[in-house]
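Notebook open, structure on screen. I want to go through the charged pairs, the cores and a few odd spots, and jot down what turns up.

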Amino acid sequence: MSDTAESSNWRIYSGSRVPHDGIDRLPAPPPWRTFSGGPALPTPPGDSGNPHAAVSYRPGEDAIRQVNAALYLRRPLLVTGAPGTGKSSLAYAVAHELGLGKVLHWPITSRVTLRDGLYEYDPLTRLYAAGRARGEDGAGGSPGEDIGDYLRLGPLGTALLPYERPRVLLVDEIDKSDIDLPNDLLTIFEKGAYEIVELARRAESTARVMTADSTTDRVEIRDGTVSCRAFPLVVMTSNGEREFPPAFLRRCVTVDLKQPASVEELTAIVREHLGPMVAGEEGELPPAIREIIDRFFERRSGGLLANDQLLNAIYMCHHASFSEPPETVRKLADQVMPFLSSEATRSDGD
């Protein structure tokens with residue numbers, strides 16, 4: 001079967017960067033990945049939240065296939081690769097093409113816990129407000145108090161709301177997390193649900209709470225539990241700074257993004273990001289810029305470089321070239337493209 005026929009038959013995400021409603025063709029999930037939260041919420045209006053990344057990212061064939069696998073199987077997508085290969089941009093590109101609204105971004109550090117991603121509760125502000133209400137009305141309570149004023153869902157908690165279409169959740173640099181977080185996430189990903197303890201303990205366990213992105217009005221949480229309807233597309237990025245448990249990897253769809261393998265691929269990336277600014281009238285890149293691309297490609301054998309360093313160098317050198325001599329511009333390019341690692345990179349054949 002040809003790639004064209006295969007794409008028209010089963011691919012939801014095509015990498016075209018042209019918005020469409022193909023997500024509505026997504027078939028029912030496997031029986032073991034069915035979720036029934038409700039009532040259904042509409043997709044929030046607006047774009048992906050990073051329009052430039054969404055339309056300039058050029059996905060490879062492996063990335064396109066694995067995104068579709070994650071959509072079909074309702075599984076998280078673990079994206080690995082060197083810095084600058086577009087791991088985070090992939091999330092914005094998918095949200096843009098499939099019309100899934102603003103990407104929910106959850107940056108990870110060693111101090112982040114599962115609770116941080118699910119929701120925040122502010123008991124001190126609530127206690128202070130209750131004290132003011134008692135002082136003002138002389139009564140022993142706080143009439144009209146709404147616990148939803150003190151609850152805000154996190155990125156993960158918002159992604160698991162019962163949206164009709166899946167939200168896109170970017171869990172950025174999960175390899176920097178505490179050792180327990182990946183396993184904690186497994187339980188949430190399997191259930192597609194979580195409990196808000198502060199609501200579940202109340203006699204009245206229904207409240208209207210704020211979401212992480214504030215793109216919609218408050219949402220109603222019933223019985224203190226949030227259950228998804230369409231499992232979100234969870235894009236977890238990793239720079240390879242740690243290994244993950246087998247149980248975690250078994251429940252993820254994985255893709256490793258490679259560095260561009262040729263000068264032509266690097267040139268295409270530059271055109272996508274900076275073409276209108278630096279290209280000539282016929283769309284040709286000036287010799288000085290082509291020289292920087294060649295220089296970047298050659299230097300990669302001496303250590304780790306990221307594609308965004310190349311873009312930064314071209315942007316700076318384009319402006320510097322109007323007043324600086326060529327040798328100074330070349331020196332500037334090298335200074336803007338320092339090695340991120342002194343270890344020589346290995347070729348795919350090594």
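Started with the salt-bridge network: Arg-33, Arg-75, Glu-190 and Arg-251 are linked in one. Note to self before going on: this is a predicted model, and every value here is computed from it. I then looked up the total, and the count of salt bridges comes to 19.

**Salt bridges one by one**

I pulled up Glu-61 next. The side chain of Glu-61 meets that of Arg-11 in a salt bridge, at 2.4 Å from N to O. The two sit in distant parts of the chain, 50 residues apart: Glu-61 is in helix α3 (residues 61–73), while Arg-11 is in the loop between α1 and α2. Are they buried or exposed? Arg-11 counts as buried at 7% relative accessibility, because the cut-off for buried is under 20%. Glu-61, at 35%, counts as partly exposed.

Then I went to helices α12 and α14. Glu-291 forms a salt bridge with Arg-330, with the closest N and O atoms 3.5 Å apart. Glu-291 lies in helix α12 (residues 287–299) and Arg-330 in helix α14 (residues 326–336), so this pair ties together parts that are 39 residues apart in sequence. I have Glu-291 down as partly exposed at 37%, and Arg-330 as partly exposed at 40%.

Another pair turned up there: Arg-295 forms a salt bridge with Asp-334, the closest N and O atoms being 3.1 Å apart. Arg-295 lies in helix α12 and Asp-334 in helix α14, so the pair ties together parts 39 residues apart in sequence. Arg-295 is partly exposed at 36%, and Asp-334 counts as partly exposed at 25%.

**Strand β2 and the cores**

Which way do the side chains of strand β2 point? Along residues 104–107 they alternate: Leu-104 and Trp-106 point to one face and are buried, whereas His-105 and Pro-107 point to the other and are not. That fits the general rule, since side chains in a regular strand alternate between the two faces of the sheet. I also checked the partner: β2 pairs with strand β5 (residues 168–172) in the parallel sense, over four bridges. His-105 stands opposite Leu-170 in β5.

Trp-106 came up again in the largest nonpolar core, which has 40 residues; Trp-106, Leu-156, Tyr-194, Ile-196 and Met-236 touch the most other members. Helix α8 (residues 181–191) gives the most to this core, with five residues. Apart from it lies another core, of 31 residues, among them Tyr-57, Ala-63, Val-168 and Val-255.

**Cysteines**

How many disulfides are there? My search of the whole structure finds zero. I looked up two cysteines while at it: Cys-252 is buried at 11% relative accessible area, and Cys-317 is buried at 4%.

**Surface odds and ends**

I found a nonpolar patch on the surface, formed by Met-277, Tyr-315 and Met-316, with about 280 Å² of accessible area together. Met-316 lies in helix α13 (residues 307–320), and at 40% relative accessibility Met-316 counts as partly exposed.

Last stop was Pro-45, in the loop between α1 (3–10) and α2 (51–56). Pro-45 has a relative accessible area of 61%, so I call Pro-45 exposed, the cut-off being over 50%. The C-alpha atoms of Pro-45 and Lys-102 are separated by 7.9 Å, with the two positions 57 residues apart along the chain.

Methods. Residues are numbered from 1 along each chain as its sequence is written. This is a predicted model: local features need pLDDT of at least 70, side-chain atom pairs count only at pLDDT 80 or more; totals for chains, interfaces and linings use all residues. Side-chain values use heavy atoms; hydrogens and water are left out. Buried means under 20% relative accessible area, exposed over 50%, partly exposed in between (1.4 Å probe, protein chains only). Two strands pair if DSSP finds at least two bridges between them. A disulfide is a pair of cysteine sulfur atoms within 2.5 Å. Patches are made of residues with over 30% relative accessible area and no salt bridge: like charges are joined within 9 Å, nonpolar side chains (Val, Leu, Ile, Met, Phe, Trp, Tyr) within 5 Å. Accessible areas come from the Shrake-Rupley method with a 1.4 Å probe; for residues, only the protein chains shown count as cover. A salt bridge is a side-chain nitrogen of Lys or Arg within 4 Å of a carboxyl oxygen of Asp or Glu. A nonpolar core is a set of buried Ala, Val, Leu, Ile, Met, Phe, Trp, Tyr and Cys residues joined through side-chain atoms within 4.5 Å.
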